[in-house]
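Trainee: Before I start clicking around at random, could you walk me through this one slowly? I'd like to have it open on the screen first.

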Amino acid sequence: MATPSFRSKLEARVAAVNSLLCVGLDPHEKELFADGWEGVPEENRCDAAFTFCKTLVDATLPYTACYKPNAAFFEALGDGGMAVLRRVCQNIIPDDVPILLDVKRGDIGSTAAAYAEACYGLGADCVTLSPLMGWDSVSPFVTEKYVHKGAFLLCKTSNPGSNDFLALGLRSNECLYERIAKLVGSEWAQQTESSLGLVVGATDPVALSKARKAAGDDTWILAPGVGAQGGDLLEAAQAGLNTKGTCMLIPVSRGISKATDPAQAAKELQERIQKARDQVVAAHMIKKSSDEDIKLYQREFLEFSLSQGVLKFGSFVLKSGRTSPYFFNAGLFASGAALSKLGKAYASTIMSSELLAAGPNQVNFDVIFGPAYKGISLGAVVGSALYNDFEVDVGFAYDRKEAKDHGEGGKLVGTSLEGKRVLIVDDVITAGTAIRESHTLLNDVGALPVGVVIALDRAEIRSMEDKISAVQAVARDLSLLVVSIVSLPQLQTFLERSPDYGDETLEKVTKYRNEYGV
């Protein structure tokens, strides 16, 4: 049976415990003996270090994706230190939990090969390396007999002094750390089937973001520095996670080991990391064009909305108390012609989104559901436009505010929903209440909600305490794809390219987005 790769072992563990937490095992002198270990026999030091690690692993195992013993603290124990490290790796940590040995080796040839033999002989699945001597210093750890192992290469470390070298600019108009990230994500990755990753400090979100972009979505990043070093977890997650909310480990050592209750500290960290992951995934689930791009149907929709008085510019006090420079009221689409054009805009959005399935003009839903009241007419015109414009024929259903006690009875009208994939149609998401109620209703009748399509995403934060939008909250909490005909970024782009509305309007919308936009 083939030995599983470090990457497959790591990803299986991440999925099993739903965690990106990497717990550091650092039996530091002051962690073992309050007054230091001067005068303490080596045997006692080693016993204390082993007990320290075992206690920590036993407490944190349910919340941990990976363990990271730091070789330096074991070496400092004395001659028996490596034996302790071997016992920790081979006897304490379960076989299905990957071990990342933090050694930061950086040499070439037979010396590097000897280092690899020593590290992996201890039971490690992966090591940290310095890549500054090039591929020659990496290959002995990840080729030939070690192809199933892994290595995280120092890219932009969390200490301030890393700027002395790793942030230096190159002739290629990139920083040294960006060059390292590119090599790891492409050229070096092609030279081995092993797992190559990067060490990028959570203390530098800009570097994290650039490294992620340079290395690509599939490269794992080890991001130390959250907590005592000042790294902000959410900022690091937003910069370093990939679009699926993974491929980044958050290592924490003393923040857990020195806690009064290490198990609770690990649990809370795992939950905080998961919350940050959810927010990142929610942001990526929302399908919208880039700020620089506005499609023809979006421009036509905005122009038509302005002509109908549905979209207005001025000064409007919202329910949130904010004063907005624009206001959108879909209820003013109040004629046959207006509803027909509205349906076409929704249909074009759906057919340009991730709601498409494999095959020509195929979608991933069976039924359109319109929540009472606005959603009823919207659902009808969207279903009609999908058929007329794209030959996509799906069912249509809606609900009543009050259950009917005669005739067919009940709250639901239209096609059967049981066992069907359902797309919810609405005009805007303000607080998300209607969508959440629809989601519950659909689940109760055995339907599977797969997404939501709306006319306008205001794309603004709900509060300074919870810096995600109502749309992002719906996507995150209900695991739904949310698409919109237009959003605040497209509105800003529209104004930039439409001189008819004046610089003052653009300035106000831009200021509003800078203050409240997500």
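Mentor: Let us begin with an annotation: UniProt, in an unreviewed entry, lists residues 20-269 as "domain: Orotidine 5'-phosphate decarboxylase", with positions in the numbering used here, a shortened feature name, and the caution that annotations may be inferred rather than shown by experiment. This is a predicted model, with local features needing pLDDT of at least 70 and side-chain atom pairs pLDDT 80 or more, while totals for chains, interfaces and linings use all residues. Residues are numbered from 1 along each chain as its sequence is written, and side-chain values use heavy atoms, leaving out hydrogens and water.

Trainee: OK, and how much of residues 20-269 is helix, and how much strand?

Mentor: Over residues 20-269 the chain is 39% helix and 16% strand, and the C-alpha atoms at the two ends of that stretch are 10 Å apart. Helices (H or I, at least four residues) and strands (E, at least two) are DSSP runs, numbered from the N terminus.

Trainee: Switching topic, how many salt bridges are there?

Mentor: The count comes to 19 salt bridges, each being a side-chain nitrogen of Lys or Arg within 4 Å of a carboxyl oxygen of Asp or Glu. One of them joins the side chains of Asp204 and Lys156, with 3.3 Å from N to O. That pair links distant parts of the chain, 48 residues apart, since Lys156 belongs to strand 5 (residues 150-156) and Asp204 sits in the loop between strand 6 (195-200) and helix 9 (205-215).

Trainee: Is Lys156 buried or exposed?

Mentor: Lys156 is buried, having a relative accessible area of 3%, whereas its partner Asp204, at 22%, is partly exposed. Buried means under 20% relative accessible area, exposed over 50%, and partly exposed in between (1.4 Å probe, protein chains only).

Trainee: What does Lys374 pair with?

Mentor: Lys374 forms a salt bridge with Asp427, and their closest N and O atoms are 3.2 Å apart. Here too distant parts of the chain are linked, 53 residues apart: Lys374 is in helix 15 (residues 374-390), and Asp427 is in the loop between strand 14 (421-425) and helix 16 (433-444). In accessibility, Lys374 counts as partly exposed at 42%, while Asp427, at 7%, counts as buried.

Trainee: And where do Glu504 and Lys508 lie?

Mentor: Both lie in helix 19 (residues 502-516), 4 residues apart, which is about one turn of the helix. Glu504 and Lys508 form a salt bridge whose closest N and O atoms are 3.3 Å apart; Glu504 is exposed at 54%, and Lys508 is partly exposed at 43%.

Trainee: Which residues are linked in a network of salt bridges?

Mentor: Lys68, Asp102 and Lys104 are linked in such a network.

Trainee: New topic: which helix gives the largest share of the lining of the largest pocket?

Mentor: Helix 16 does, with 5 residues. For the second largest pocket, 26 residues form the lining, and those closest to the centre are Ser158, Pro224, Gly225, Gln229 and Ser253. On a 1 Å grid over the protein atoms alone, a pocket is an open set of points where a 1.4 Å probe fits, with protein on both sides within 12 Å along at least five of seven lines, and lining residues have an atom within 4 Å of a point.

Trainee: What else supplies at least two residues to each lining?

Mentor: For the largest pocket, the elements that do so include strand 10 (323-328), helix 15, strand 12 (395-404), strand 15 (448-457) and helix 17 (470-478). For the second largest pocket they are strand 3 (100-105), strand 8 (248-252), helix 11 (254-257) and helix 12 (262-285).
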